[in-house]
Every structure is written in structure tokens, then in C-alpha cells.
Amino acid sequence: MSSVINQLEDLLEGLDPVVTEDYVDFTLKQQNEVQIAKGITPSAPANYVPVTKKTVTYIVMAAITNDAGDVLFMQEAKSSCAGQWYLPAGKVEPGEDLETACKREVKEETGLEIMPTTLLAIETASGSWFRFVMTGDVLGGKLKTPSQADSESLQAKWVSKVEELSLRARDVIAVVEQARHFKLAKGMLHPHLLPVNTHYGRLLMRLVICGGSHYYVRNSLFCNRNIICRSRWSDSFSNLDFILLFQCKIHIIFGNYWIKTF
């Protein structure tokens, strides 16, 4: 545990960790053994390697708001949900970085050209599906009209009352609220932060609790590299944030802080 604490302290100081074999104290093989002992079938083999669009799915979603608080939506063209509305989103292609993927999806589905400015959230399911939610600024382009409908989308528009739309899924409601909150805060929640392409030989994850004695944030911990994570549970606590630490450097805004790992 002491080595883990040392690594976390290095991350909090903005230092790159030295990834050695003992850096992983609970390997996938060990996790599988624990699950099997409990009668649970492991979801991934011990030699699992994430390969884009084969063994892992990365999704980008754009939550773009304007000065009036309207949000950019697109109308689905896929047969399974044709006519329903959703935020611009899609799968990251092999070799494509997150920002490029986000710009491509928005352009294809709405006709607008954007510049991603910050990563709002990361969501995961079953350890092999990850969604990166970004917001950004519109640089140009024209909103797609029904006459320009194609296999990507039927049209796009700015929406003020999301609840009046026939949504493909209601998961976007919370995302819209977060994007609007970030826009209104004008940098008070956290600075504009984007992922950085950094190669690591393995995917590392640890649950960390951080508490601040002078100032605290709910739902977010600010990272100056790689990833921001938010928690849906932190509203239950007055001065704690739960984050998943995905091998990132962290910028702490607390006057004093303490760490506990699990």
C-alpha cells in the first residue's frame, strides 16, 4: 500500500509515475480469481487487451451550448431510432484521437464545425465501453436541414426545452444540465481541460477519496492531463469527492487535502 500512496503523491504533484510490474497491486488475473471464488463469471480474460472497435468501444459525445443556453441536438436517421433526438455522438475510429472524433461526429451529424474545449465527464459500462463527453465552441458551418438528411442524421437544431423532444434516450438530460452548468460557471468549476495522447502499457484504475479542509468541489476532480471523472454519489457527502483515477495527473484546488485509497 505504501508504494501506491507514493505513486498517488507523485501524481498529485504532477509527476509522471514509473510504471513497473509492482505498480499494479490487483491484476486482472487476481480480480478474476476473486470473482470465480464468489461464483461470478469474469467479464474479461486475464490476458485482455483493449483494441478499439474490437474488444473495447470508445464513444465521444458533444454537449454544445450557446450563450442563450440552447443545446445542439441532432435527429437520428438510424432505423432503430429514426426521428428521435440525441446529442451528437459516435464511435471513435482506430487511430483516431478523442478531439478529432468529436469534431468529426459533430460535423457529420449537425453540419457545424466545433473546437472541443473541455472534457466534462467519462462514463463506463462493463469495463469495455467508455463514453467521453466534451463541450466546445462553434467555429463555423451551417445547421443541417431536412433537405440535407443522410445516413448520419435527418437534421440538427438548437434546443431550449429538451424535455419537449422525443429523445432516443433520457441519459442526455443529465449531460445537458452539466454542460449548461459549466457554461454558466465561466471557468469557476474548473479550467478548460482536454485529453492528452500518452501511451501506457496497461490500463490502471483505482478508487480514491479526496477531501479538502478549505474548499471542495462536488462531482468533479480537476485533472491537467488525460481524464476528468465525475461521481453521481458525491452529493451525499458534504466535502468528499469520489473519483476514478485513470492514470492521470491531478491538479488539486484544495488548501489542504488527504487521500485514502481502496
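## Strand 2, covered on both faces

Strand 2 takes in residues 71-75, and five of its five residues are buried, so the strand is mostly covered in this predicted model. The cover applies to both of its faces. V71, F73 and Q75 point to one side, L72 and M74 to the other, and all of these residues are buried.

Which strands pair with strand 2? One partner is strand 7 (residues 155-159), joined to strand 2 by five bridges in an antiparallel arrangement. If you want a landmark for that pairing, look for F73, which stands opposite K157 in strand 7. Strand 3 (residues 85-86) is also antiparallel to strand 2, with two bridges joining them. Here M74 stands opposite Y86 in strand 3.

## The three-stranded sheet

Put together, these pairings give an open sheet of three strands in the order 3-2-7, with antiparallel pairing. Strand 3 and strand 7 each have a single partner strand and stand at the edges, so each has one side without a neighbour in the sheet. Helix 3 (residues 98-110) packs on this sheet, where it touches strand 2 and strand 7, and its direction makes about 60 degrees with that of strand 2. Helix 4 (residues 172-185) packs on the sheet as well, touching strand 2, strand 3 and strand 7. The direction of helix 4 makes about 150 degrees with that of strand 2.

The loop between strand 7 and helix 4 holds R170. Is R170 buried or exposed? R170 counts as exposed because its relative accessibility is 63%, and the cut-off for exposed is over 50%. Although R170 and Y86 are 84 residues apart along the chain, their C-alpha atoms are separated by 8.9 Å.

## The four-stranded sheet

There is also an open sheet of four strands, in the order 4-1-6-5, and its pairing is mixed. Strand 4 (89-91) and strand 5 (112-125) stand at the edges with a single partner strand each, so one side of each lacks a neighbour in the sheet. On average, neighbouring strands here are turned by 25 degrees against each other, direction ignored.

The parallel sense appears between strand 1 (residues 57-62) and strand 6 (residues 129-141), which pair over six bridges. Within this pairing, I59 stands opposite R131 in strand 6. Helix 3 lies across strand 1, strand 4, strand 5 and strand 6, and runs at about 115 degrees to strand 5. Helix 4 packs on the sheet too, touching strand 1, strand 5 and strand 6, and its direction makes about 125 degrees with that of strand 5.

## Cysteines and a buried asparagine

How many disulfides are there? The count comes to zero, with a disulfide taken as a pair of cysteine sulfur atoms within 2.5 Å. As for the surroundings of the cysteines, C81 is buried, with a relative accessible area of 7%. C102 counts as buried too, at 1% relative accessibility.

Another residue to look up is N32, which has its place in helix 2 (residues 28-37). Why does N32 count as buried? Its relative accessibility is 8%, and buried means under 20%, so N32 falls in that class. Leaving aside residues up to four places away in sequence, N32 touches P42, A44, P45 and A46.

Terms used:
Residues are numbered from 1 along each chain as its sequence is written. This is a predicted model: local features need pLDDT of at least 70, side-chain atom pairs count only at pLDDT 80 or more; totals for chains, interfaces and linings use all residues. Side-chain values use heavy atoms; hydrogens and water are left out. Buried means under 20% relative accessible area, exposed over 50%, partly exposed in between (1.4 Å probe, protein chains only). Two strands pair if DSSP finds at least two bridges between them. Contact means heavy atoms within 4.5 Å. Axes are lines fitted to C-alpha atoms, for helices over the stretch in contact, and angles run from 0 to 180 degrees between N-to-C directions.
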